[in-house]
Amino acid sequence: MQRPDWERFRQAAGGGPAAAIGRHVYGYRSVASTMDVAWELAEAGAAHGTAVVAGTQTAGRGRFARAWVSGDGESLLASVVLRPAAAIAPLLTVIGCLAVLDAVRELCGLACAVKWPNDVHVGGRKLAGVLAEGRTYANGTTGTSGVGVAVLGIGLNVSLDPAQHPELAGTATSLLAETGQAVGLRLAGDALFRSLDAAYGSAEPSALIARWREALDTLGQRVTVRGRDATLSGLAEDVDAAGRLLLRTDDGTLHALSEGDVTLAG
Ligand code: BTN
């Protein structure tokens with residue numbers, strides 16, 4: 001594994017238990033992708049909640065293996081090793097998005113919405129993206145048979161100026177662009193890890209889904225969802241207990257979709 005430029009290990013305060021997420025953070029000036037570093041740590045047995053942050057990435061990735069673009073030191077680029085119970089595993093993107101909403105509200109009072117399944121946006125411009133990758137070990141190599149390991153990646157645009165990135169102009173925004181407030185990356189990371197820890201720790205699935213419904217501005221809209229294999233248009237009616245989008249097509253069929261790109265249907 002690439003040597004970290006810094007490492008932080010937080011002790012429990014006042015004798016109480018320390019938050020697991022963000023207790024151990026590996027920091028890099030530049031990596032290919034924090035996802036890859038976190039996977040290396042996960043495979044080497046890193047504890048649940050171990051986090052990787054980077055100032056910049058040379059091969060940051062999003063869903064469908066798309067490139068994730070960010071400038072140097074302009075975005076919080078973080079990946080967290082998680083060892084979720086089976087009931088929580090499908091909800092990691094939900095937990096990641098809700099944690100971003102909470103952290104952003106705490107940092108600068110900004111209210112955002114979520115475009116299903118993973119885009120945190122302000123007025124249609126993307127502020128943050130969440131990427132959940134999972135692996136399952138049927139033979140128990142992670143220690144407990146059948147329990148998988150996941151890496152949850154979050155990119156949150158903090159001081160990014162979309163005008164400086166032609167490929168993002170018109171589609172992206174940042175905390176600075178929205179509020180005029182400068183927020184430090186360290187502060188943003190601490191807030192995100194705290195919110196993630198709280199959302200994950202209180203992970204009662206039905207409560208998470210209730211919050212997910214509130215956060216999604218996709219619901220109630222006529223949309224087109226482009227998936228890997230098919231494109232469907234219809235009414236985004238609801239989400240199910242696993243956070244999947246329930247799309248009613250015009251022939252009356254209700255489809256439960258677990259991935260896809262959503263655009264408003266004309
Ligand atoms: C998406 O919008 O499709 C998800 C984007 C996730 C980007 C973050 S940045 C930190 C982590 N490292 C990556 O390579 N990707 C995630």
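Below, two colleagues chat about a predicted model of a protein chain.

Biologist: Hi! How is the protein chain divided into domains?

Modeller: Hello! This is a predicted model, and its chain is split into domain 1, residues 6–215, and domain 2, residues 222–264.

Biologist: And what distance separates the centres of the two domains?

Modeller: Taken over C-alpha atoms, the centres of domain 1 and domain 2 are 25 Å apart. Domain 1 puts 12 residues into the contact, and domain 2 puts in 16 residues.

Biologist: How much area do domain 1 and domain 2 bury between them?

Modeller: About 1100 Å², with 56% of it on carbon and sulfur atoms. On the domain 1 side, the residues that lose the most area to domain 2 are Phe64, Trp116 and Arg213, which together make up 57% of what that side buries.

Biologist: Nice. What about charges, so how many salt bridges are counted between domain 1 and domain 2?

Modeller: There are 3 salt bridges between the two domains. The interface of domain 1 and domain 2 also has 8 residue pairs in polar contact, with both residues at pLDDT 80 or more. As for elements, helix α5 (residues 205–215) gives the largest share of the domain 1 side that touches domain 2, namely 3 residues.

Biologist: I'm looking at Arg66 now. Which side chain does Arg66 meet in a salt bridge?

Modeller: That of Asp261, at 2.3 Å from N to O.

Biologist: Back to Phe64 for a second. Where does Phe64 lie?

Modeller: Phe64 is in the loop between β3 (51–57) and β4 (75–82). Its backbone is worth a look too: phi of Phe64 is near 55°, a positive value in a residue other than glycine.

Biologist: And Trp116? What kind of peptide bond joins Trp116 and Pro117?

Modeller: A cis one, with omega at about 5°. Pro117 itself sits in the loop between β5 (113–115) and β6 (119–122).

Biologist: Changing topic to the whole structure: how many salt bridges does the structure hold?

Modeller: The structure has 18 salt bridges. One of them pairs the side chains of Asp5 and Arg29, at 3.2 Å from N to O. That pair links distant parts of the chain, 24 residues apart: Asp5 belongs to the segment before β1 (6–9), while Arg29 is in strand β2 (residues 24–31).

Biologist: Last one, on rings. How many aromatic pairs does the structure hold?

Modeller: The count of aromatic pairs is 0. A ring does meet a charge at Trp39, though: Arg135 lies over the face of Trp39, 3.8 Å from the ring centre.

Biologist: Great, thanks!

Conventions. Residues are numbered from 1 along each chain as its sequence is written. This is a predicted model: local features need pLDDT of at least 70, side-chain atom pairs count only at pLDDT 80 or more; totals for chains, interfaces and linings use all residues. Side-chain values use heavy atoms; hydrogens and water are left out. Rings of Phe, Tyr and Trp (its six-membered ring) pair if their centres lie within 6.5 Å; planes under 30 degrees apart count as stacked, over 60 as edge-to-face and the rest as tilted. A charge sits over a ring if NZ of Lys or CZ of Arg is within 6 Å of the ring centre and within 35 degrees of the ring normal. Domain bounds come from an automatic or database domain assignment. Contact means heavy atoms within 4.5 Å. Buried area is the accessible area (1.4 Å probe) that two parts lose on being put together, summed over both. A salt bridge is a side-chain nitrogen of Lys or Arg within 4 Å of a carboxyl oxygen of Asp or Glu. A polar contact is a pair of N or O atoms within 3.5 Å; within protein, one must be able to donate a hydrogen and the other to accept it, and residues adjacent in sequence count only if both atoms are side-chain atoms. Helices (H or I, at least four residues) and strands (E, at least two) are DSSP runs, numbered from the N terminus.
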